[in-house]
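Me: I'd like to go through this structure with you, one question at a time. Could you take me through the reasoning behind each answer?

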Amino acid sequence: MNMSDMTSKRLLVALILSVLAFAGMPARAEIAGQVLLASDAVAVRAGEALPLAPGMMIEDKDTLRTGKTGNLQLRFTDNSTMSLREESELAIEKYHFSGRADGQESAFYRLLKGGLSTITGLIGHIRRENYRIDTITATIGIRGTEFALMLCQGSCLNADGSRARDGLYGGVTGGIVAATTKSGELRIGVGETFFAASIDRPVEKLTAPPVFLRQPGRDQRTGGSDSPGQVARSESVERSEKVGRSEKVERPEKVERPEKVERPEKVERPEKVERPETVARPEKVDRPGKGR
């Protein structure tokens, strides 16, 4: 075997080993969004819990969790926003957005625990069939909207202190939500709330929103009577809701009026001019008498 053949074989072996090594490396996950606000929140990625902080990136396939005092606000790459309540868990099952409409965009989530509020972005507007939030009781699709969800699993209390029925509660503040179970689909519009007790039972419309269907970051278990119209606004996401309103414009200080202009002093009229004394008429001159 000549040197040329040996060199060729070595290069071929090195190439094969490189290909095998590259194939064994996990593909880098797609960036799904960025953390706007976080406290007591982690992203579970490849089995490792990463504490979240503002500015950090979240990825496709991440599972997001908040603790007892947690709060998490996100902005996704399609410009949608989402807030997770305390003691919540959300899995990003499949997320793809290239920055433009290419027919492949998708946003599929699974709410495993707790609640969230969201304002949908471009995917929800241009590819509605590719946006979905799954839960154990219902699947939530959209028609371009804003809504809030709360999955109660023995943790939600009514206003009178009694325990609320377990299941998925939702309220709509913009657009239309389609809640689907094995019994069919129910569409819910602005200002309406719904309840899905089980994947096998029909979705119900509620006559009034439950007290625990509230804005994320607050205590959902006690007190409060916020309507769904007060849910899902950030600023960072709160529209951080909202997701930024400008600071209150200060009114200009009161303009001081100029001091009262003093009128000029009264002009003294000239003293009365004394008229000249009456000129005495000359005494009467006697006319000469007539000739005789």
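**Rings, charges and the fold around them**

Reply: Happy to, and a good place to begin in this predicted model is Tyr 109, which counts as buried at 1% relative accessibility.

Me: Which kind of aromatic pair do the rings of Tyr 109 and Tyr 131 make?

Reply: Let's take the partner first: Tyr 131 is buried too, with a relative accessible area of 5%. The two residues sit 22 residues apart, Tyr 109 in strand 7 and Tyr 131 in strand 8. Their ring centres are 5.9 Å apart and their planes stand at 65°; planes over 60 degrees apart count as edge-to-face, so the Tyr 109 and Tyr 131 pair is edge-to-face.

Me: Which residues form one aromatic cluster with Tyr 109 and Tyr 131?

Reply: The pair of Tyr 109 and Tyr 131 belongs to a cluster of four named residues. Besides these two, the members are Phe 76 and Tyr 95.

Me: What is the angle between the planes of Tyr 169 and Phe 212?

Reply: Tyr 169 lies in strand 11 and Phe 212 in the segment after strand 15, so the pair links distant parts of the chain, 43 residues apart. Tyr 169 counts as buried at 6% relative accessibility, and Phe 212 counts as buried at 0%. The rings are 4.9 Å apart centre to centre in an edge-to-face pair, and the angle between their planes is 85°.

Me: How many aromatic pairs does the count come to?

Reply: We have met the pair of Tyr 109 and Tyr 131, and the pair of Tyr 169 and Phe 212. The count for the structure comes to five.

Me: Which residue lies over the face of Phe 108?

Reply: Here a charged side chain meets a ring, at 4.3 Å from the ring centre of Phe 108. The residue in question is partly exposed, with a relative accessible area of 29%. It is Arg 132.

Me: What is the distance between the closest N and O atoms of Arg 132 and Asp 134?

Reply: Asp 134 is buried, with a relative accessible area of 9%, whereas Arg 132 is partly exposed at 29%. The two form a salt bridge, for which the limit is 4 Å. Their closest N and O atoms are apart by 3.2 Å.

Me: Which residues are linked with Arg 132 and Asp 134 in a network of salt bridges?

Reply: The salt bridge of Arg 132 and Asp 134 is part of a network that takes in two further residues. They are Glu 93 and Arg 110.

Me: Is Glu 105, the salt-bridge partner of Arg 127, buried or exposed?

Reply: Arg 127 and Glu 105 meet through their side chains in a salt bridge of 3.0 Å, N to O. Arg 127 is in the loop between helix 2 and strand 8, and Glu 105 is in the loop between strand 6 and strand 7, 22 residues apart. Arg 127 counts as partly exposed at 23% relative accessibility. Glu 105 has 0% relative accessibility, under the 20% limit, and therefore counts as buried.

Me: How many residues apart are Arg 165 and Glu 204?

Reply: The side chains of Arg 165 and Glu 204 meet in a salt bridge of 3.4 Å, N to O. Arg 165 is partly exposed, with a relative accessible area of 43%, and Glu 204 counts as partly exposed at 25%. The pair links the loop between strand 10 and strand 11 with strand 15, and the residues are apart by 39.

Me: How many salt bridges does the structure hold?

Reply: Among them are the bridge of Arg 127 with Glu 105 and that of Arg 165 with Glu 204. The number for the structure is twelve.

Me: How far apart in space are Val 44 and Ala 91?

Reply: Val 44 has its place in strand 1, residues 31-45, and its contacts include Ala 49 and Arg 65. Val 44 and Ala 91 are 47 residues apart in sequence, and C-alpha to C-alpha they are apart by 9.2 Å.

Me: What is the mean pLDDT of the protein?

Reply: Of the protein's residues, 64% reach 70 or more, and the mean pLDDT is 78.

Me: Over which residues is the pLDDT below 50?

Reply: This stretch has 89 contacts in the model beyond near neighbours in sequence. The pLDDT is below 50 there, over residues 216-250.

Note on methods. Residues are numbered from 1 along each chain as its sequence is written. This is a predicted model: local features need pLDDT of at least 70, side-chain atom pairs count only at pLDDT 80 or more; totals for chains, interfaces and linings use all residues. Side-chain values use heavy atoms; hydrogens and water are left out. Helices (H or I, at least four residues) and strands (E, at least two) are DSSP runs, numbered from the N terminus. Contact means heavy atoms within 4.5 Å. pLDDT is the predictor's confidence in each residue, from 0 to 100. Buried means under 20% relative accessible area, exposed over 50%, partly exposed in between (1.4 Å probe, protein chains only). Rings of Phe, Tyr and Trp (its six-membered ring) pair if their centres lie within 6.5 Å; planes under 30 degrees apart count as stacked, over 60 as edge-to-face and the rest as tilted. A charge sits over a ring if NZ of Lys or CZ of Arg is within 6 Å of the ring centre and within 35 degrees of the ring normal. Lists of a residue's contacts leave out its neighbours within four places in sequence.
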